[in-house]
Amino acid sequence: MSNPASTAVGDTAARRDWMGLLARARPDQLAVLMPETPAHAFLRPPEVGAVMVRGRVGATGAPFNLGEMTITRCTLRLECGAVGHAHVQGRDKAHATRAAIIDALMQTDAAADLRARVLDPLARAETDRRQARAEKAAATKVEFFTMVRGEDK
Amino acid sequence: MTPEALTGGFADAPVQAARAFRAALDALSRPGVIHTVAGATPPAPLSVAAGVLLLTLADATTPVHLAGDHDCPALRDWITFHTGAPLVDAPSAAFAIGRWGALAPLSRFAIGTPDYPDRSATLIVEVDDLSATGAHLAGPGIKDHAHLSLPEVAAFRANRALFPQGCDFYLTCADRLAGLPRSTIVEAC
Amino acid sequence: MYVAVKGGERAIDNAHAWLAEERRGDPGVAELSVDQIREQLRLAVNRVMAEGSLYDPDLAALAIKQARGDLIEAVFLIRAYRTTLPRLGHSRPVDSAAMACIRRISATFKDAPGGQVLGPTFDYTHRLLDFKLLAEGAVPAAPASAATPGPVPHITGFLNRDGMIETDAPDETTPPDLTREPMELPASRQLRLQALTRGDEGFVLSMAYSTQRGYGRTHAFVGELRIGTVAVEMDIPELGFAVEIGEVELTECETVNQFKGSKSEPPQFTRGYGLVFGQSERKAIAMSLVDRALRWKELGEDFNGAPAQDEEFVLMHADNIQATGFLEHIKLPHYVDFQAELELVRRMRAEAMQMQEAAE
C-alpha cells in the first residue's frame with residue numbers, strides 16, 4: 001500500500017524516526033513543548049487498546065506471544081488537508097492526538113520549525129536519559145584482573 | 001492507502017457500535033424485520049448498512065472475504081484501516097461481503113463443524129431491493145410467519161438443511177438491513 | 001451446585017466501605033501515590049505486569065494500591081482490565097540482541113565480549129536490614145563511566161561458531177495465543193513460553209528448583225542473563241511500514257545445558273529460554289530451566305516422571321489467576337452441596353449403627 005502523504009515527505013525513514021520518538025515521548029513533556037493544538041478533524045478518534053508484544057524462541061527462533069502493552073492510536077486531518085497518524089505507548093489520548101498533529105504538520109511547511117521546537121528537544125532528552133543509564137551500567141562493568149581483552153575480536 | 005480509505009468510520013465508536021450491534025442482534029433474532037442503521041460512509045460499492053455491520057462486527061480476529069466487485073482497492077483499504085480485519089479467500093472467511101451472484105456458490109464458505117457449529121461464515125449479501133415481501137419465512141424468532149425479498153429460495157433451503165451447521169446471512173440495501181439465520185425455514189411464496 | 005441467595009447486599013456494601021478504609025490505613029500517615037509505587041516498588045510493578053500480561057507501569061501500580069499490596073489480586077485486576085481493551089494488533093518480534101542493557105552477566109564466559117555488567121543488583125548485598133531506610137533521605141547519585149549506548153551481542157552466539165550449541169532457526173509462523181484460543185496439549189514451545197512468562201513466579205521457581213534437585217535434571221548454567229529496554233515495532237497498514245510504538249523493559253535468560261546427544265543430534269549444548277516483562281530475573285532464570293525440562297521429547301530424552309517434564313502439570317497449574325479462582329471459590333456458598341453430603345453421611349452412619357446393633 002502506498003501512501004501519497006509519505007512519498008510527498010519523501011523520506012520514510014525520517015517519518016519512522018519521528019513517529020517512534022513521539023510514541024516514546026513522555027506525554028507531559030510533549031505537552032510542554034507543544035502546548036497548542038491546531039484545528040483538526042478526527043478520521044479515527046483517539047482509541048486506547050492493546051498490542052500483543054512478541055518475542056522469539058531462544059531470541060532467534062519462531063515468534064511467541066510475550067504479553068500485551070497498552071497503546072493509544074489516532075488519525076486526524078488538519079485544515080490544510082495533511083493527515084497525521086499516531087500509535088503511542090500508554091493510555092493518554094491527548095498524547096496520541098498531539099503526536100498525530102505533529103505527524104501531520106511534519107508533512108507541511110511547518111516541519112523545520114517543529115523539528116527545532118519539539119522533535120530535537122525530545123530527542124535530546126531521550127538521548128540524555130539513555131546515556132545516563134548506559135554510563136551507570138558501564139560503571140558496574142566487572143574488570144577481572146586476569147582478563148585478556150581483544151582475543152575474541 | 002488512499003485518503004478516502006481513512007474517512008467514513010464511526011465518529012463516536014462506543015455509542016454507534018452499540019446501537020448497530022443491537023440492530024444486528026435484533027435482525028438475526030427476528031428474521032424478516034428490516035432495520036435502518038447509520039454511522040458509516042464506506043466507499044462504493046459497499047452499502048452504508050454493510051459498512052456499519054463491518055465496523056461493528058469485524059476486527060483483527062475475523063477474516064473477511066470480499067466477493068466480486070466488492071474486492072476493490074478502495075474497499076480493501078477502508079476495511080483494513082477501520083477494522084484491521086485480514087482479507088482472505090472464501091473458505092477462510094468469518095464474514096463475506098458481495099452481491100448474491102458474486103458470493104455463489106455458497107459451498108465455498110465455512111459451515112462450522114458438528115462440535116463447533118459457530119465456526120461458520122456470516123454472509124453479508126448486498127441487494128438492490130429489500131422489502132418484507134416475497135419468500136415465506138418461519139421458525140425461531142418469527143411469530144406465525146414473515147416475508148422477505150430474498151434473491152432466491154433454494155440456496156437458503158439447502159443451508160437450513162445443514163442445521164445446526166450452516167451460514168448466517170444479512171441482507172443489506174442502502175442503510176437498511178435484515179437478518180436470516182440458519183435456523184429460518186424458507187419457502188417460496 | 002449453586003443457589004441464588006439474597007439478603008447480603010447491605011453487608012457487602014459495608015464490607016466494601018470498610019475494605020476501602022482499611023486500604024487507606026491510618027489517615028494520620030500520608031497516602032501512598034501511584035507514582036510512588038511505580039517508582040519505588042518497581043519490582044512489584046514488574047511482577048504484576050509480567051503475570052498480568054500487560055505492560056503498563058501506571059496501571060500495575062494502581063492495581064497494587066487497590067489490592068493493598070496483594071500481588072495476585074493486583075494481577076487479577078490487570079487481567080480483568082486487559083479484557084476490556086480492543087486488540088489493535090501485534091508487534092514484530094522484539095530484537096533482544098539490540099537491547100540497551102543495564103545488566104548483562106554470564107556464568108559460562110568470564111571474558112565475554114562486551115563485559116559483565118552487574119547493573120542494579122541485589123546479588124552482592126549482604127541481606128542485612130538497612131535501618132537507615134527508616135529515615136527518609138536523599139540517595140547519592142550512582143557513579144558513571146564513559147559509555148556509548150548500543151547493542152551488545154548475545155554471549156551464547158559465540159558457542160554457535162563451533163556448532164557447540166543448538167540454534168533456533170528463524171521462522172515467521174504465527175504463534176498460538178492462549179489468550180484467544182483455549183490451550184490445547186500437546187503445546188508447541190511457543191505456547192509453552194507464553195504460558196510460562198505469564199505464569200506465577202513462585203510456581204515457575206519451584207518447578208525450576210525441582211529440576212535442579214534431580215526431578216528432570218538438565219544441568220543448566222546461565223549462559224547469559226540480560227536486562228534492559230527494547231523497542232517495540234508494529235506494522236501499520238495505513239502507513240505501509242513499521243514504526244516504533246514504544247519500548248519495554250525485559251529480562252532475558254538463556255541457559256546452556258549439557259546434552260549427551262540422541263539418534264538424530266550429536267552431543268552439544270542445548271538451550272532453555274526465558275523472557276519476561278520488566279526486571280524479573282528470578283522468573284526469567286526459572287522460566288528457562290522449566291522450558292528446557294519440557295523439551296525432553298523433542299530432544300529424545302527420557303521422561304522420568306518429573307513434574308517439571310510434565311507439560312500438562314506445568315502448563316495447567318502455572319497461572320495464578322486460574323489457580324486462585326478455583327481455589328478460593330470453595331469458600332463461596334455451597335449450601336446445597338454440603339446439605340447433600342450431610343444427608344449422605346447421616347444415612348451411612350445410621351446404616352453402620354444398625355449393622356453394629358444387629359451384630360451385637
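Where does B:Pro45 lie? Select B:Pro45 to begin: the residue is in the loop between E1 and helix H2 (48-57) of chain B. Helices (H or I, at least four residues) and strands (E, at least two) are DSSP runs, numbered from the N terminus.

The model is predicted: local features need pLDDT of at least 70, side-chain atom pairs count only at pLDDT 80 or more, and totals for chains, interfaces and linings use all residues. Residues are numbered from 1 along each chain as its sequence is written, while chains are lettered from A and ligands numbered from 1 in the order in which they are written.

**Chain B: cis peptide bonds and a positive phi**

Remain at B:Pro45 and add B:Ala44 to the selection; a cis peptide bond joins the two, with omega at about 5°. Next, select B:Phe163 and B:Pro164, which are also joined by a cis peptide bond, with an omega of about 10°. B:Pro164 is found in the loop between helix H5 (154-161) and E7 of chain B.

Move then to B:Asp144, in the loop between strand E5 (135-138) and strand E6 (146-148) of chain B. B:Asp144 is not a glycine, yet its phi is positive, at about 60°. Most residues other than glycine have a negative phi, and most peptide bonds are trans. B:Asp144 counts as exposed because it has 5 C-beta neighbours inside 10 Å. A residue is buried if 20 or more other C-beta atoms lie within 10 Å of its own, exposed if 12 or fewer, and partly exposed in between, with C-beta atoms placed from the backbone.

**Chain B: the sheet**

Display the strands of chain B. An open sheet of 6 strands has the order E1-E8-E7-E4-E3-E2, with mixed pairing. Strand E1 (35-36) and strand E2 (64-66) of chain B are the edge strands, each pairing on one side only. Two strands pair if DSSP finds at least two bridges between them.

Focus on the E1 edge. There, E1(B) pairs with strand E8 (residues 176-180) of chain B in the antiparallel sense, over 2 bridges. For B:His35, the bridge partner in E8(B) is B:Leu177. Now add helix H1 (residues 13-29) of chain B, which lies across E1, strand E7 (168-173) and E8 of chain B. This helix runs at about 45° to E8(B); axes are lines fitted to C-alpha atoms, for helices over the stretch in contact, and angles run from 0 to 180 degrees between N-to-C directions.

**Chain A**

Turn to chain A, whose secondary structure comes to 5 helices and 3 strands. From the N terminus on, its elements run α-α-α-β-β-β-α-α. Of the 153 residues in chain A, 46% are buried.

Colour chain A by pLDDT, the predictor's confidence in each residue, from 0 to 100. The mean for chain A is 89, and 88% of its residues reach 70 or more. Over residues 1-9 of chain A the pLDDT is below 50, and this stretch has 18 contacts in the model beyond near neighbours in sequence. Where pLDDT is low, the predicted coordinates should not be read in detail.

**From chain A to its partners**

Select the side of chain A that touches chain B: 6 residues of chain A are in contact with 6 residues of chain B. Two residues are in contact if their C-beta atoms, placed from the backbone, lie within 7 Å. By class, this side of chain A has 3 nonpolar, 2 polar and 1 charged residues. Ala, Val, Leu, Ile, Met, Phe, Trp, Tyr, Cys and Pro count as nonpolar, Asp, Glu, Lys and Arg as charged, and the others, Gly among them, as polar.

Now show chain C, of which 69 residues are in contact with 55 residues of chain A. The elements giving two or more residues to this side of chain C include helix H7 (189-197), strand E4 (220-236) and strand E5 (241-259) of chain C. E5(C) provides the largest share, 9 residues. The side of chain C that touches chain A has 36 nonpolar, 17 polar and 16 charged residues.

Which residue of E2(C) is the bridge partner of A:Val51? The partner is C:Gly89. Strand E1 (residues 40-56) of chain A and E2(C) run parallel, joined by 3 bridges.

**Chain C**

Finally, view chain C alone, with its 12 helices and 6 strands. Its C-alpha atoms fill a box of roughly 85 × 65 × 55 Å, taken along the principal axes. Buried residues account for 37% of the 360 residues in chain C.

End at C:His219, in the loop between helix H8 (201-212) and E4 of chain C. C:His219 has a positive phi of about 50° although it is not a glycine. With 15 C-beta neighbours inside 10 Å, C:His219 counts as partly exposed.
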